[in-house]
Amino acid sequence: MTLEATTNHPTTLPSADELRDRVRTALKAAGSAIELGEPGGHGLQASTPLTGDVLFTVTETTVGETDSAIADAVQSFAAWRVTPAPVRGALVARLGELLVEHKADLGTLVTIEAGKITSEALGEVQEMIDICQFAVGLSRQLYGRTIASERPGHRLMETWHPLGVVGVITAFNFPVAVWAWNTAVALVCGDTVVWKPSELTPLTAIACQALIERAAVDVGAPPNVCRLIQGGREIGEQLVDDPRVALVSATGSVRMGRQVGPRVAQRFGKSLLELGGNNAAIVAPSADLDLAVRGIVFSAAGTAGQRCTTMRRVIAHSSVVDTLVERITLAYRSLPIGDPSTESTLVGPLIHERSYRDMVGALETARADGGEVVGGERVDVGGDAGEGAFYVTPAVVRMPSQTAVVHDETFAPILYVLTYDTLDEAIELNNAVPQGLSSAIFTTDMREAERFMAADGSDCGIANVNIGTSGAEIGGAFGGEKQTGGGRESGSDSWKSYMRRATNTVNYSSELPLAQGVHFG
Ligand code: NAD
């Protein structure tokens with residue numbers, strides 16, 4: 001069945017030349033002096049999913065330059081770690097001010113490179129501003145504890161110290177926020193940062209680097225507290241393998257995490273992994289269906305299904321499943337699909353052809369497994385969208401059971417619908433996938449809501465009640481369990497991952513009692 005979702009929303013896509021102009025203007029405003037090459041040159045091909053065109057060639061960082069970037073970050077660390085934390089906070093405060101000033105410029109770049117609709121792109125930049133504010137407050141709160149000592153005249157305490165160079169590897173779908181989550185917190189913790197963004201989003205990275213460099217000059221911070229290296233997997237691997245990089249914070253697919261985790265562990269480095277999700281919402285018989293439909297449609301079709309927290313499964317009670325599917329399908333029909341820089345658009349493009357092929361393949365498998373598919377067609381949005389642009393209608397798939405394809409994270413807007421009769425069954429389905437990032441329950445029954453968040457409830461890092469699976473605030477720790485990698489970033493006490501802990505025992509008596517009552521000589 002087709003959704004014919006675009007007939008009500010004709011958009012004229014901007015031309016590649018117009019997009020190039022927008023990029024140049026935004027980068028210039030951010031203060032970047034980097035020369036961008038013509039498409040087809042030697043280096044990274046910076047393309048846009050809006051039209052599928054390559055816009056510029058961006059110079060790739062060489063192995064030698066990466067080595068120097070790490071060396072510079074090590075050198076800056078020596079001065080930065082002894083700079084008082086509240087003074088370090090001033091750098092992040094200045095970055096936050098510059099982000100406010102350049103919110104629209106960065107939003108434009110996020111839309112052009114990642115294909116996010118304007119509102120979501122601006123929301124991503126707002127998240128950067130929010131984390132800067134959070135980190136500035138944190139710069140006066142990096143406290144340890146004092147613990148009761150078993151020995152008289154002794155004090156036992158914990159102190160937290162800067163860790164070293166933090167290597168940040170980011171995914172295409174949050175090209176700026178994830179850098180900011182890591183960088184704002186790492187900087188106030190006294191670390192220096194070397195960032196390898198996704199090879200799909202080098203332009204937004206150039207803008208962020210220009211802003212942090214300006215902030216460093218403005219507050220007199222060492223110039224190399226943050227370095228940018230551009231390239232693909234190989235450059236990422238160099239960061240992963242370098243023993244001078246104390247922490248590798250890597251965001252991306254489970255496939256990437258499977259490679260990065262063991263390699264960092266091999267050299268006894270620390271890693272913080274933020275990997276794929278396969279997020280579900282349970283819809284209970286008592287659910288407010290108006291609320292549930294709105295929450296589901298935003299989480300499942302928003303960002304064209306390309307968030308780590310995108311809702312990929314609905315587990316609906318047998319008494320509501322028919323109505324729910326009908327209402328989601330109806331809502332999907334009215335979703336405007338097209339140019340994400342047009343204000344009325346709600347669904348932009350997939351990042352590239354491979355995503356589209358993955359979506360087609362997953363839907364074929366789901367059909368073969370007995371799934372009833374609605375939507376999932378490629379859409380011709382007109383304008384300059386060439387062969388390389390991939391716009392799709394979001395798909396809803398009613399599945400007879402949770403087959404292997406439902407266990408995979410297909411990074412596209414596919415929502416599998418499963419049916420349950422008892423809450424135990426629903427929670428079991430929620431937890432049966434290998435990933436453990438986000439989850440939700442729509443219910444007005446307090447017992448069900450509490451059970452969902454209890455020890456025998458959802459096994460995910462995020463468990464929500466009456467909101468969707470996506471759109472987290474920066475105040476809470478963000479991350480997930482199982483194949484999602486176990487890392488926590490952003491709010492709460494996530495800062496502890498960016499510092500080293502020391503336990504200190506001070507003897508202020510003139511005796512030397514030993515712990516555990518040991519006598520020695
Ligand atoms: P990806 O795994 O293809 O790439 C992510 C980054 O890792 C890129 O910078 C890439 O160059 C780098 N990389 C890949 N292999 C590497 C290796 N062996 N060593 C070092 N670096 C390597 O992911 P993507 O397609 O850019 O992003 C989508 C994926 O990211 C999805 O799975 C999504 O769920 C996940 N994601 C997770 C979170 C989270 O917080 N949990 C947030 C955003 C995205």
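**Notebook: strands, helices and cores**

I began with strand 15 (residues 395-398) and strand 16 (residues 414-420), which pair in the parallel sense over four bridges. I am working from a predicted model here. For the register I looked up Val397, and its bridge partner in strand 16 is Tyr416.

Next I asked myself how strand 12 and strand 15 pair, parallel or antiparallel. Strand 12 (residues 372-374) joins strand 15 in the antiparallel sense, over three bridges. Here Val374 has Val396 of strand 15 as its bridge partner. So much for that corner; on to another sheet.

**The five-stranded sheet**

I traced an open sheet of five strands and wrote down the order 7-6-5-8-9, with parallel pairing. Its edges are strand 7 (226-228) and strand 9 (270-274), each of which pairs on one side only. On average, neighbouring strands of this sheet are turned by 15 degrees against each other, direction ignored.

I then followed strand 8 (residues 245-251), which runs parallel to strand 9 and is joined to that strand by five bridges. Which residue of strand 9 stands opposite Ser249? I found Leu272 there.

Two helices caught my eye on this sheet. Helix 7 (residues 202-219) lies across strand 6 (192-196) and strand 7, and I noted an angle of about 155 degrees to strand 7. Helix 8 (residues 233-241) lies across strand 5 (165-169), strand 6 and strand 8, running at about 150 degrees to strand 5. Strand 6 therefore appears in my notes under both helix 7 and helix 8.

**The nonpolar cores**

I turned to the packing, with a general point in mind: in soluble globular proteins, nonpolar side chains tend to be buried together.

The largest nonpolar core holds 137 residues, and Leu106, Val283 and Ile296 are those that touch the most other members. Which helix gives this core its largest share? My note says helix 6 (residues 177-188), with ten residues. I also checked the domains: the core draws at least three residues from each of domain 1 (44-275 + 488-502) and domain 2 (279-477).

I picked Val283 for a closer look and left out residues up to four places away in sequence. Among its contacts are Ile296, Val314, Ile315, Val320 and Leu324. The list also includes His317, Tyr420 and Phe442.

Finally, I recorded a second, separate core of 19 residues, which includes Val165, Val245, Val248 and Leu275. Going back to my strand notes, I see that Val165 falls in strand 5 (165-169), while Val245 and Val248 fall in strand 8 (residues 245-251).

How values were computed
Residues numbered from 1 in each chain as written. Predicted model: local features only at pLDDT ≥ 70, side-chain atom pairs only at ≥ 80, totals over all residues. Heavy atoms only, no water. Pairing = 2+ DSSP bridges. Helix = DSSP H or I, 4+ residues; strand = E, 2+ residues; numbered from the N terminus. Axes fitted to C-alpha atoms, helices over the stretch in contact; angles between N-to-C directions. Contact = heavy atoms within 4.5 Å. Core = buried A, V, L, I, M, F, W, Y, C linked by side-chain atoms within 4.5 Å. Buried < 20%, exposed > 50% of the residue type's maximum accessible area, 1.4 Å probe, protein only. Domains from an automatic or database assignment.
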